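Hi there,

Here is the structure I promised to pass on to you. Please have a look at it first, and then read my notes underneath.

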Amino acid sequence: MSKSANYLISGVWKDSNDNITHVMLHLVNDGDSWSMGEKTSEANAIALLKKGNIIKTVVWGYPGWSIKSKVTYIQRAGKEYLRSEANATTKDNLDNLISMKAIK
């Protein structure tokens, strides 16, 4: 069975400047099922993208989870940042995913 992405991001951790530092990353299995998430750094997620992996956001919407926006990265002022694909739906953008700040 095929899959729409190699990894999914369901939540983000941000620093005091509202910049993403870590993401909840899930490995996608065949048929678009995915594993339990694991906290990983933004830099590690970018490294996965550089190796040709496809990463998308995944969002909760009753009655279940939906795979949504493609994730890429950009470089600004010498630093690399994760970025979700621009589309008409803000719900599936990285900034609007589950805030994981309470989870260490």
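Below is what I found, going through the strands, the core and a few backbone details.

Please keep in mind that this is a predicted model.

**The first three strands**

Let's begin at the N-terminal end. Strand 1 covers residues 7–14 and strand 2 covers residues 20–27; the two are antiparallel and are paired through seven bridges. Together they make a hairpin, with five residues separating them. If you want to find the end of this pairing by eye, look for Lys-14, which sits opposite Ile-20 of strand 2. In the turn, Asp-18 has a positive phi of about 70 degrees.

Strand 2 has another partner in strand 3, residues 38–41, again in the antiparallel sense and here over four bridges. Met-24 is a handy marker for this pairing: its bridge partner in strand 3 is Lys-39.

The loop between strand 2 and strand 3 contains Asp-32. This residue is not a glycine, yet its phi is positive, about 65 degrees. Asp-32 counts as partly exposed because its relative accessibility is 25%, which falls between the 20% and 50% limits.

**Strands 4, 5 and 6**

Further along, strand 4 (55–61) and strand 5 (64–76) run antiparallel and are joined by six bridges. One of the facing pairs is Lys-56 with Lys-70 in strand 5. These strands form a hairpin too, with two residues between them. The loop there holds Pro-63, and the peptide bond between Tyr-62 and Pro-63 is cis, with omega about 15 degrees.

Strand 5 then pairs with strand 6 (79–84), antiparallel and with six bridges. Gln-75 stands across from Glu-80 in strand 6. Here as well the strands make a hairpin with two residues in between, and Ala-77 in the turn has a positive phi of about 50 degrees. Is Ala-77 buried or exposed? It counts as exposed, because its relative accessibility of 89% is over the 50% limit.

**The core**

Now for the inside. Nonpolar side chains in soluble globular proteins tend to be buried together. In this model, the largest nonpolar core has 16 residues. Those with the most contacts inside it are Ile-9, Val-23, Leu-25, Ile-55, Val-71, Leu-82 and Leu-94. At least two residues of this core come from each of strand 1, strand 2, helix 1 and strand 4. Which element gives the most? That is helix 1, with four residues.

Two residues are good places to zoom in. Leu-49 belongs to helix 1, which spans residues 42–50. Why does Leu-49 count as buried? Its relative accessible area is 13%, so it falls under the 20% limit. Beyond its sequence neighbours up to four places away, Leu-49 touches Ile-55, Val-71, Thr-72, Tyr-73 and Leu-82.

Val-71 is the other one. Leu-49 and Val-71 lie 22 residues apart in sequence, and their C-alpha atoms are 8.5 Å apart in space. Leaving out neighbours within four places in sequence, Val-71 is in contact with Ile-9, Leu-49, Ile-55, Lys-56, Thr-57, Leu-82, Arg-83, Ser-84 and Leu-94.

Happy to go through any of this with you on screen.

Best wishes

Definitions and conventions
Residues are numbered from 1 along each chain as its sequence is written. This is a predicted model: local features need pLDDT of at least 70, side-chain atom pairs count only at pLDDT 80 or more; totals for chains, interfaces and linings use all residues. Side-chain values use heavy atoms; hydrogens and water are left out. Two strands pair if DSSP finds at least two bridges between them. Buried means under 20% relative accessible area, exposed over 50%, partly exposed in between (1.4 Å probe, protein chains only). Contact means heavy atoms within 4.5 Å. A nonpolar core is a set of buried Ala, Val, Leu, Ile, Met, Phe, Trp, Tyr and Cys residues joined through side-chain atoms within 4.5 Å.
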